[in-house]
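Please look through the sequence and the model below before reading on. The paragraphs that follow move from one aromatic residue to its surroundings, and then to other sites and to the chain as a whole.

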Amino acid sequence: MCWRCFSNSNISHPEAPLEALPGASSRRGFLNHWGAGLGLAALVHANAQAQVDVGQSSSMRKLIPAESLEQSARQQYRQTLGEANSKGALAPDDYPQLKRLRAIANRLIPFTAQWNPDARKWKWEVNLIGSKQLNAWCMPGGKIAFYTGILDQLQLTDDEVAMIMGHEMAHALREHARERLAKSKATSMGLSVASQLLGLGQLGDVAANVGTQLLTLKYSRDDETEADLVGLEIAARGGFKPEASVQLWKKMLGATGGGKGQPGFLSTHPSGNNRIQELEANLPKVAHLYEQARQTPAGTQLN
Ligand SMILES: [Zn+2]
């Protein structure tokens, strides 16, 4: 998962090098293969009432213009993919695990716009990077990456992948990066929130220079809970089994030794068990969405 969420975990391997993918020679023209198709898919959205309760997004985020931040994210995404590509670690379009990720994304994207209307205009992209990192993220504007480490080490099912992807999409939809950057900048400038909101307008130059910060931002526990619940609902609407969210976190805890009282995940992320409880409490709210999605023939669920 986003190693923002797992940055202290001893299995996230944040420094793990890129690894060439077997059979994946350097990908040419990777910049424009896929986003356009999903952009169209994103135009269709579910006009449905949210079932999980996460409240309003923070108004602080508006201090940073979304477009400027998304442009910065696009540049950082290209740079990350370019680096992977140069090492043969960027999965080509016909790579089976990448096709699987994109098929899952295609089932989730129609249900994103209800969480952020601007997402209708996003050019979603999903890519797979060869690395042992237990990692996945979605940058502002819908730029997603998974690392082979998280798929391989946790032996994720499609339902579990959908929960991670929904969680990461939710961070982008709820604009948690935009909010974090706005808050940290306002604080570092010694300015009160009120003076920012009343007098100084947007912090456009901040968004233009965030670069790699987007890969290392730490979200708050509230952000993580929001992402868990919004992701759960998006995945359920896409026809992925809600219980997989709980299963995923149990796997994650097991992989880090947290369940055995070892130092590691639980010591640095004491919310691990709490988030399982939170997810379990929300399963009944989304169960009917999952059943509906399962009973709707593919291709007609987007009305
Ligand atoms: Zn997260």
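Is Trp137 buried or exposed? In this model, which is a predicted one, Trp137 has a relative accessible area of 2% and is therefore buried, since the term applies to any residue under 20%.

The ring of Trp137 is also a good place from which to follow the aromatic contacts. The protein has three aromatic pairs. One of them joins Tyr77 to Trp137 in an edge-to-face arrangement, with 5.9 Å from centre to centre and 80 degrees between the planes. This pair links distant parts of the chain, for Tyr77 belongs to helix 3 (residues 66-86) while Trp137 lies in strand 2 (residues 136-139), 60 residues apart. Tyr77 has a relative accessibility of 0%, so this residue, too, counts as buried. Together with Tyr147, the two residues Tyr77 and Trp137 form one aromatic cluster.

A ring takes part in another kind of arrangement at Phe240, where the charged end of Arg107 sits over the ring at 3.8 Å from its centre. Asn106, which precedes Arg107 in the numbering, is found in helix 4, a helix that spans residues 96-108. With a relative accessible area of 34%, Asn106 is partly exposed, because that value falls between the limits of 20% and 50%. The C-alpha atom of Asn106 is separated by 9.6 Å from that of Trp124, a residue 18 positions away along the chain.

Ser245 offers a further site to examine, placed in helix 12 (residues 244-255). Its relative accessibility is 3%, so Ser245 counts as buried. The side chain of Ser245 reaches the backbone oxygen of Pro242 at 2.8 Å. When neighbours within four places in sequence are left aside, Ser245 is in contact with Met163, Leu232, Leu279 and Leu283.

These sites can now be set within the whole protein, which contains 14 helices and three strands. Of its 303 residues, 54% are buried, and Tyr77, Trp137 and Ser245 are among them. Among the contacts with a separation of 6 or more, residues 24 or more positions apart account for 81%; the pairing of Tyr77 with Trp137, across 60 residues, likewise links distant parts of the chain. The protein exposes about 13200 Å², of which carbon and sulfur atoms supply 50%.

Note on methods: This is a predicted model: local features need pLDDT of at least 70, side-chain atom pairs count only at pLDDT 80 or more; totals for chains, interfaces and linings use all residues. Side-chain values use heavy atoms; hydrogens and water are left out. Helices (H or I, at least four residues) and strands (E, at least two) are DSSP runs, numbered from the N terminus. Buried means under 20% relative accessible area, exposed over 50%, partly exposed in between (1.4 Å probe, protein chains only). A polar contact is a pair of N or O atoms within 3.5 Å; within protein, one must be able to donate a hydrogen and the other to accept it, and residues adjacent in sequence count only if both atoms are side-chain atoms. Contact means heavy atoms within 4.5 Å. Rings of Phe, Tyr and Trp (its six-membered ring) pair if their centres lie within 6.5 Å; planes under 30 degrees apart count as stacked, over 60 as edge-to-face and the rest as tilted. A charge sits over a ring if NZ of Lys or CZ of Arg is within 6 Å of the ring centre and within 35 degrees of the ring normal. Accessible areas come from the Shrake-Rupley method with a 1.4 Å probe; for residues, only the protein chains shown count as cover.
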